Amino acid sequence: MRIQILDEAEQDLIDGFRFYEAQSKGLGDYFLDSIFSDIESLHIYAGIHSRHFGYCRLLSHRFPFAIYYRVVNRIIRVHAVLDCRRNPERLESRLQ
């Protein structure tokens, strides 16, 4: 299977990088490394995660973020990488 990170999810990653990099130099890079490792695990585990708002949701192992994706024609499409600390109503509106 191939993994495709959509533009919206890419912007989520940039926003997360900026937030963590502002907290401590180098933390943004660690954030991206961790999230990309979680995304790469989808090669093995795609489709087994619980469904939320019509997407499969993978929870990050190191950061309070969720990766929302769908599997279509053997392509794993990452639609969003969202901070779980945000208001659930905002998460839901972002995903619809």
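1. Helices and strands are here DSSP runs, of H or I over at least four residues for a helix and of E over at least two for a strand, numbered from the N terminus. On that basis the chain of this predicted model contains four helices and five strands, and, when these elements are read along the sequence, they follow the pattern β-α-α-α-β-β-β-β-α.

2. On overall dimensions, the chain has a radius of gyration of 13 Å, which agrees with the value near 12 Å that a compact globule of 96 residues would have. Taken along the principal axes, the box filled by the C-alpha atoms is roughly 40 × 30 × 20 Å.

3. As for burial and contacts, 39% of the 96 residues of the chain count as buried. Among the contacts in the chain with a separation of 6 or more, 44% are accounted for by residues 24 or more positions apart.

4. The largest pocket holds about 280 Å³ of space. Its lining is made up of 13 residues, and those closest to the centre of the pocket are Asp12, Asp15, Leu82, Asp83 and Arg86. For anyone inspecting the site, the composition of this lining by class is seven charged, five nonpolar and one polar residue.

5. Which elements each supply at least two residues of the lining of the largest pocket? They are α1, spanning 7-23, β5, spanning 75-83, and α4, spanning 88-95. Of the contributions to this lining, that of α1 is the most, with four residues.

6. On the cysteines, the structure holds zero disulfides, and the reason can be followed from the sulfur positions. A disulfide is counted when a pair of cysteine sulfur atoms lies within 2.5 Å, whereas the sulfur of Cys56 is 15 Å from the closest cysteine sulfur, that of Cys84, and is therefore too far for a bond. Seen from the other side, the closest cysteine sulfur to that of Cys84 is in Cys56, again at 15 Å and too far for a bond.

7. Are Cys56 and Cys84 buried or exposed? Cys56 has a relative accessible area of 2% and is buried, while Cys84, with a relative accessible area of 35%, is partly exposed. The cut-offs behind these words are under 20% for buried and over 50% for exposed, with partly exposed in between, so the 35% of Cys84 falls in the middle class.

Technical notes: Residues are numbered from 1 along each chain as its sequence is written. This is a predicted model: local features need pLDDT of at least 70, side-chain atom pairs count only at pLDDT 80 or more; totals for chains, interfaces and linings use all residues. Side-chain values use heavy atoms; hydrogens and water are left out. On a 1 Å grid over the protein atoms alone, a cavity is a set of points where a 1.4 Å probe fits but cannot get out, and a pocket is an open set with protein on both sides within 12 Å along at least five of seven lines; lining residues have an atom within 4 Å of a point. Grid points are joined across faces, edges and corners, and a volume is the space filled by probe spheres set on the points. Ala, Val, Leu, Ile, Met, Phe, Trp, Tyr, Cys and Pro count as nonpolar, Asp, Glu, Lys and Arg as charged, and the others, Gly among them, as polar. Buried means under 20% relative accessible area, exposed over 50%, partly exposed in between (1.4 Å probe, protein chains only). The radius of gyration is taken over C-alpha atoms; the globule rule is 2.2 Å times the number of residues to the power 0.38. Contact means heavy atoms within 4.5 Å.
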